[in-house]
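Reader: I would like to go through this model, beginning with its packing and ending with a chain contact. Please keep the answers short.

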Amino acid sequence: MTKKRLIQKIVFTTFGLISLMVVGILFAILGFIAIRGLHVVNWEFLTSMPEDGMTKGGIFPAIVGTGSLVLGSMVFAFPIGVLSGIYTHEYLKDSWFKRFIRMMTNNLSGIPSIVFGLFGMALFVNYLSFGDSILAGSLTLGLLTLPVVIRTTEEALKSVDDTLRMGSYALGATKLQTIRRVVLPVAYPNIITGLILSIGRVSGETAPILFTVAAYFLPKLPSSLSDQVMALPYHLYVLATSGTNMEQSRPMAYGTAFVLIAIVLIINTAASLLRRYLNKKVKMD
Amino acid sequence: MIKAEAKNINVWYGDFHALKNINMSFNTNSVTALIGPSGCGKSTFLRLFNRMNDLISNFRLEGLITVDEQNLYSKEVKIDELRKSIGMVFQKPNPFPKSIYENVAYGLRVNGINDRRTLDETVERSLRQAALWDEVKDNLKKSAMSISGGQQQRLCIARALAVEPRLILMDEPASALDPISTAKIEELIFELKKSFTILIVTHNLQQAGRISDYTGFFYMGEMIEHDATQKMFLNPSNERTQNYITGRFG
Amino acid sequence: MKKYRKVIEKFIEGVLFSSSTITSLTVILIIVFLFREGIGLFHSSPIEKNFVISVSKQNPVQQLNANQVKAIFNQDITNWSAVGGANDSIILFTTNDITNYYSEEELGPNLENLPQKLNDFIVANPGAIMYVSGKNLPKGFNGHFIKIKDISVSDFIFGKYWYPTSDPIPSYGIWPMIIGTLLVTLGALLFAIPLGLATAIYMAEVADMRIRNLLKPVVELLAGIPSVVYGFFGLIVIVPLVQQMFNLVVGETVLAGSIVLGIMALPTIITITEDSLRTTPKSLKEASLALGATRWQTLVRVVIPYAKSGISTAIILGIGRAIGETMAVLMVTGNASNIPHSFLVPARTIPATIAAELGEASYGGMHFKALFALGIVLFLFTIIINFTVEFIKNKQRRT
């Protein structure tokens, strides 16, 4: 073996081992939480209220809370994000305006989630007097996800072959018709999977809901958009750092962490299965 | 004298039988054009001579490829030594995003030659051989991306010449260039023939006719006919060659 | 019919256009509201609203700066001559001290005599300095208020102390947090850059399709795990590990934060680096290989130089991710508000401070404003990062 071959072999083996280490880190985290959390999670844990200073019972209100926040933020972010993505990709020509909008979207996605928390508190909770509420929390989370949805949509549209568009125009179709009948039917599997993935992100966010909606302990279900709710990630934070009896609430914390990870796993798997299924369907049609 | 040879070559990509039972040999200091419709296997064949096909994961070869009577696929062959000894020029000019000088010196540097004098001499010699020296000698530090497409392609030829190749492979070297640049490349090939042996894949039949001594016609993975260019173009012995050359398909 | 359709097309285009402006609008609104709530810190006196610092009318001292007031109330300064007054010793007084001077009967059952007694006190003690609510002072009060210099931007940025609730004058110096944030981020990068780049290179250039298809979801999952779960894992696993390894009193340290943040920054660095390595044209790689370079030489000499702007973008966005990360850091770095001098001591970061304290700060108060001002600083950090990325992209487009 020549010297340079040997160097290559050593370097690539090292890189392979490092990659293996990254895999190891993931499995360490997943494994650790699964081993300690799995036996805590049962039907009762998922469907009952927390009891005894959050050392017993379940996490039902936090699940409902996170569910309503996800739903609320998606109702807001999905339509606006998809429409915005369509506009910037299909309508705007390469101009300063397009670059400006791109830049602002990139800026928005780079803003830390805690700053969204501050902003949500200042605008929705105080200025618009929504108070600590599902509405304020959902809107804050929605704005946070917006750049992700827009980028997903743009990427999906970008992957549609331009010749399809040309073909449609050549037959006399208008822009809107082309988008609706040609572009979107090809692009929608990727849009949908992107949207599903962003649900995973929203359900795990803590910082934006700290001061806009999350309740420390609230063992009842919300009845309107102006109610406060518990939420899974904040609940885990509370259990891990400021519960009334940390040793005894540890199992609850493991259980909650497991549920959070399970949500991400399920969503990622569902998204990739759905993508495969829908893409196949698009090709068959 | 025979410079390079292919004996009983069969190539598969997975289940796809890309080259079928091919036998060809190439004389020293000759230019051989490989022609044929797209997907006929001529590029695959060309890339056998510097083992670029090895990069494709499901590639499989049977048969013998030799240059200077050395079996290129024997176990003793070190693949980067081999590639260094076979020059290759690609379809589109692909200079590295480095200076003109560093582009030409690249092949030496990656093979451990860093002596300034040797590098300077080689760069100048190669650029002269590629008929580019006079145009760039004052701007050797300039980015290779800043010169014209035709100059870039001659730079890529110079880059290949710098490692003193035993054989030069050209994969449609002029297809991305304007007519004037193409003419310059063709002129250059004619000059290079004096010191090198060249295999060139081309889509352009007139070009094959102008620059090559021999022509091989590929069709659907088979080598249909291989002969002196003049004979091939004026009096092909195979009907499919005749049809292709006269433009009835392709 | 045709006209009708045209109107609809125009209408829909309008709707699409409005949607596309929302992100820009949000960025602008974020700036507006951060400043609206935070900028007030800089042109108001540092003492709590409605409270005053007052001295006797005879006292020649008119103005003090925040540090002097602090020194007086900490009894580091005990004589007025030290701050430009007469040679007279200083008597500290806050509202709670009133019972040391007057009985409950004198003050009345509902403290209705408090204002009068405050006046009596200042008359009786011309060397006193009072920290009291302005509402409790009577008309014709025999004292004057001390003017206290406003908090300046440089006090805020370079101030070494963060005591947001101390009486009578809180300190809002964020230097410890800036250093804490940068140090934790630096540590995270020392860990994440080599690991991230090596993995990205392995995925893009070395591994075959099958292995890559296994690694890709691993990276996606790492990106998907919520930060609070990382924090939890860090708290339970990494913090004790750090504590044992270095034999520390507490394991909640910069190092623990760096490790957790490093793991969290990995997916960003890996994904963007891998993508940019993949943009290197195949023909360039082939040309290099054809000249006898090994794959590793090709990588170092051709692929990485070609992808270097993408790789720098990856690293900078990794920095952005690390600087802004809140929950995980909050849970593992110990949140001590001193300036960290090594990786093995506790520290606090800007986002963690906001998350930990905003819940306790009263709306519109100084502490609240200070936390929004911290938000502005964090926002500026991210804007700098975003513009750097934008700059790199533009530069790349031009060459």
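Reader: Leaving aside neighbours within four places in sequence, which residues is C:Phe232 in contact with?

Author: This is a predicted model. Contact here requires C-beta atoms within 7 Å. With neighbours within four places in sequence left out, the contacts of C:Phe232 are A:Leu236, A:Ala240, A:Ala253, A:Ala257 and C:Met331.

Reader: Which residues touch the most other members of the largest nonpolar core?

Author: That core has 255 residues. C:Phe232 is one of those that touch the most other members. The full set is A:Leu236, B:Phe49 and C:Phe232.

Reader: Which helix of chain C gives the most to this core?

Author: The core draws at least three residues from each of domain 1 (2–43) and domain 3 (175–398) of chain C. The helix that gives the most spans residues 175–206 and supplies 16 residues. It is helix H7 of chain C.

Reader: How many residues does the other core have, the one that lies apart?

Author: Its members include C:Leu64, C:Ala66, C:Ile90 and C:Tyr131. The count for this core is 23 residues.

Reader: Which residues of H8(C) are buried?

Author: Helix H8 of chain C covers residues 209–224 and reaches 23 Å from its first C-alpha to its last, close to the 22 Å expected. Buried means that 20 or more other C-beta atoms lie within 10 Å. In H8(C) the buried residues are C:Leu215, C:Val218, C:Val219, C:Leu221, C:Leu222 and C:Gly224.

Reader: Which element gives the largest share of the side of chain C that touches chain B?

Author: The contact takes 17 residues from chain C and 20 residues from chain B. On the chain C side, helix H11 (282–290) and helix H12 (295–306) each give two or more residues. The largest share, six residues, comes from H11(C).

Note on methods. Residues are numbered from 1 along each chain as its sequence is written. Chains are lettered from A and ligands numbered from 1 in the order in which they are written. This is a predicted model: local features need pLDDT of at least 70, side-chain atom pairs count only at pLDDT 80 or more; totals for chains, interfaces and linings use all residues. A nonpolar core is a set of buried Ala, Val, Leu, Ile, Met, Phe, Trp, Tyr and Cys residues joined through C-beta atoms within 7 Å. A residue is buried if 20 or more other C-beta atoms lie within 10 Å of its own, exposed if 12 or fewer, and partly exposed in between; C-beta atoms are placed from the backbone. Helices (H or I, at least four residues) and strands (E, at least two) are DSSP runs, numbered from the N terminus. Domain bounds come from an automatic or database domain assignment. Two residues are in contact if their C-beta atoms, placed from the backbone, lie within 7 Å. The expected span of a helix is 1.5 Å times one less than its number of residues.
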